[in-house]
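Subject: Structure handover

Hello,

Here is the structure I promised to pass on. Please open it next to this email, and my notes follow below.

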Amino acid sequence: MANQNRIGQINGEILRVLSDRIPKCKDPRIDGLVSVVRVDVTNDLSLCRVYVSSLGGGADMAKGLKSASGYLRRELGHELKLRHTPELEFIVDRSIEEGARILEKIRELDL
């Protein structure tokens, strides 16, 4: 149970740091409207799956984040002071786009 609490705290800290650092990336494929939706770190802290969402972003955004993963990993290492900084795997989450599409359909029905 204590290990799960620690993993939860690490997830929260990684989410905080990445939410702050991703908009500062200079890659043009990463627009400023990228949201970190969720972070899942494995129990051994070797891999971190980062679920990101952006209105209009897609494959180019994922390539840009993969390209910037070294910078972001280094920033995590400096900020969190973990023994091993996990590898970052970015997964595009389409939930915000899907929610906007559903909201638009609801607005059409109200007219």
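How many bridges join β2 to β3, and do the strands run parallel or antiparallel? There are 6 bridges, and β2 and β3 run parallel. Please keep in mind that this is a predicted model.

**The chain as a whole**

The chain has 111 residues, and 33% of them count as buried. It holds 4 helices and 3 strands. Read from the N terminus, the order is α-β-β-α-α-β-α. Along the principal axes, the C-alpha atoms fill a box of roughly 55 × 35 × 20 Å.

Take the contacts in the chain with a separation of 6 or more. Residues 24 or more positions apart account for 66% of them.

The accessible surface comes to about 7,200 Å². Carbon and sulfur atoms make up 52% of that surface. As for charge, there are 18 positive and 17 negative side chains. The centres of these two sets lie 6 Å apart.

**The strands**

Strand β2 covers residues 47-54. It pairs with β1 as well as with β3. Strand β1 covers residues 34-41, and 7 bridges join it to β2. Those two strands run antiparallel, whereas β2 and β3 run parallel.

Two bridge pairs are worth finding on screen. Val-39 has Val-50 of β2 as its bridge partner. Val-52 has Val-92 of β3 as its bridge partner.

Is β2 enclosed or open to the outside? Of its 8 residues, 6 are buried, so the strand is largely enclosed by the rest of the structure.

The hairpin of β1 and β2 has 5 residues between the strands. Leu-45 in that hairpin takes a positive phi near 60°.

**Thr-85 and its contacts**

Leu-45 also turns up in the contacts of Thr-85. Thr-85 sits in the loop between α3 (69-80) and β3 (87-92). Is Thr-85 buried or exposed? Its relative accessible area is 18%, so Thr-85 counts as buried, given that the cut-off is under 20%. Setting aside neighbours within four places in sequence, Thr-85 is in contact with Leu-45, Arg-73, Leu-76 and Gly-77.

**Leu-33, in another loop**

Leu-33 lies in the loop between α1 (2-21) and β1. Its relative accessibility is 60%, so Leu-33 counts as exposed. Which residues does Leu-33 touch, not counting those up to four places away in sequence? They are Ser-53, Ser-54 and Leu-55. Ser-53 and Ser-54 fall within the range of β2, residues 47-54.

Leu-33 and Ile-22 are 11 residues apart in sequence. In space, the distance between them is 9.5 Å, C-alpha to C-alpha.

**The cysteines**

How many disulfides are there? The count comes to 0. Cys-25 is in no disulfide, and the nearest cysteine sulfur, that of Cys-48, is 14 Å away. Cys-48 is in no disulfide either, with the sulfur of Cys-25 as the nearest at 14 Å. A disulfide would need the two sulfur atoms within 2.5 Å.

Both cysteines are buried. Cys-25 has a relative accessibility of 11%. For Cys-48 the value is 0%.

A good place to begin is β2, with its bridges to β1 and to β3.

Best wishes

Key: Residues numbered from 1 in each chain as written. Predicted model: local features only at pLDDT ≥ 70, side-chain atom pairs only at ≥ 80, totals over all residues. Heavy atoms only, no water. Buried < 20%, exposed > 50% of the residue type's maximum accessible area, 1.4 Å probe, protein only. Contact = heavy atoms within 4.5 Å. Areas by Shrake-Rupley, 256 points an atom, 1.4 Å probe, with all protein chains shown as cover. Lys, Arg positive; Asp, Glu negative; His and termini not counted. Charge placed at Lys NZ, Arg CZ, Asp CG, Glu CD. Pairing = 2+ DSSP bridges.
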